[in-house]
Amino acid sequence: MIPRAEMTTNARTSRHHSRVLLAATLLLTLAGCSILSDKPKSTSTIYAPEPKVQADPAWPKVDWQLVIAPPIAARIVDSLRMAVRPTPGELQVYRGAQWARPPSDMLVDTVLRALEDSGRIQGVARQGAGVASDFKLLFEVRRFESDYAQGAVPSATIEVSAKLLHVREQKVAASKVFVQATPAASTGVADVAQAFEQALSTVGHDIAGWTLVSGEAYRRTLPPPAKG
């Protein structure tokens, strides 16, 4: 018969070995996780459209200044993820692809550069730049998505609601909804991104021209400033 003291010692030794074995197993498990986490992760292709806008000779030359307010947009619309609508009522995103900047930033930059490069306006800047303005341009980006519209190839679809506000009178001088759908050359994401570049060029051109024409038309309805 084994003495009780020896049985107790053996039990303690057994428990000690079990703890050592469990600790070793945990260390191996953690080491395995660490090795797995060090594997390269899949990266997204980043697309940065560079739209070009050609000024229209028919645009008026104005002597007033404009600021562009930060656009309003739903989070899903103004995302770095590239949205695609495969069927009506269904919105998804392209896997492994994203924009370099949010759509609202791309839109403002396109319109701002179109007006600056045109040489048709006295001054234009983003709101908050410290520029005293006569008009303020307000945007709501409603759609910025690749839309199949029940077709075989998607179109880069941009929908923007624009309002031109006269700052001193705090009145809406003009408002308009702009919609542009530019078909992509194929279903490939690179071709879709290229279609968005073209769509941005068209929308930027249309908004810039509309802003100059509408603002100048409203200015002419105002009474001349009082002479001090």
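**View 1. Strand β7 and the strands that pair with it.** Strand β2 (residues 65–68) runs parallel to strand β7 (residues 135–147), and three bridges connect the two. Strands, like helices, are DSSP runs numbered from the N terminus, where a strand (E) needs at least two residues and a helix (H or I) at least four, and two strands are said to pair if DSSP finds at least two bridges between them. The model shown here is predicted, and for this reader's orientation local features need pLDDT of at least 70, side-chain atom pairs count only at pLDDT 80 or more, and totals for chains, interfaces and linings use all residues. Residues are numbered from 1 along each chain as its sequence is written, and side-chain values use heavy atoms, with hydrogens and water left out. In the pairing of β2 with β7, V67 stands opposite K136. Strand β3 (residues 72–73) also pairs with β7 in the parallel sense, over two bridges, and there I72 has E140 as its bridge partner. Strand β4 (residues 81–85) is joined to β7 by two bridges, again in parallel, with V84 facing S146. Strand β8 (residues 155–166), by contrast, runs antiparallel to β7 and is joined to it by 12 bridges, one of which links S146 to A156.

**View 2. The largest nonpolar core.** A nonpolar core is a set of buried Ala, Val, Leu, Ile, Met, Phe, Trp, Tyr and Cys residues joined through side-chain atoms within 4.5 Å, and the largest one here has 48 residues. Those with the most contacts inside this core are L66, I68, L137, F139, F144 and I207. Helix α3 (189–219) is among the elements that each supply at least two residues, and the largest share, 12 residues, comes from α3. L66 touches, among others more than four places away in sequence, L115, I121, L137, L164 and T211, where contact means heavy atoms within 4.5 Å.

**View 3. The surroundings of M82.** M82 lies in strand β4 and is buried because its relative accessible area is 1%; buried means under 20%, exposed over 50%, and partly exposed in between, computed with a 1.4 Å probe on protein chains only. Leaving aside residues up to four places away in sequence, M82 touches residues including Y47, Y94, W99 and V192. M82 and G96 are 14 residues apart in sequence, and their C-alpha atoms are 9.4 Å apart in space.

**View 4. Charged side chains around R85 and D147.** A salt bridge is a side-chain nitrogen of Lys or Arg within 4 Å of a carboxyl oxygen of Asp or Glu, and by this rule the count comes to nine. R85 forms one with E145, with the closest N and O atoms 2.6 Å apart, and this pair links distant parts of the chain, since R85 belongs to strand β4 and E145 to strand β7, 60 residues apart. Both R85 and E145 are buried. D147, in strand β7, counts as buried because its relative accessibility is 13%, and its contacts include R85 and P154.

**View 5. A salt bridge between R101 and D109.** The side chains of R101 and D109 meet in a salt bridge of 2.0 Å, N to O. R101 counts as partly exposed because its relative accessibility is 31%, whereas D109 is buried, with a relative accessible area of 13%.
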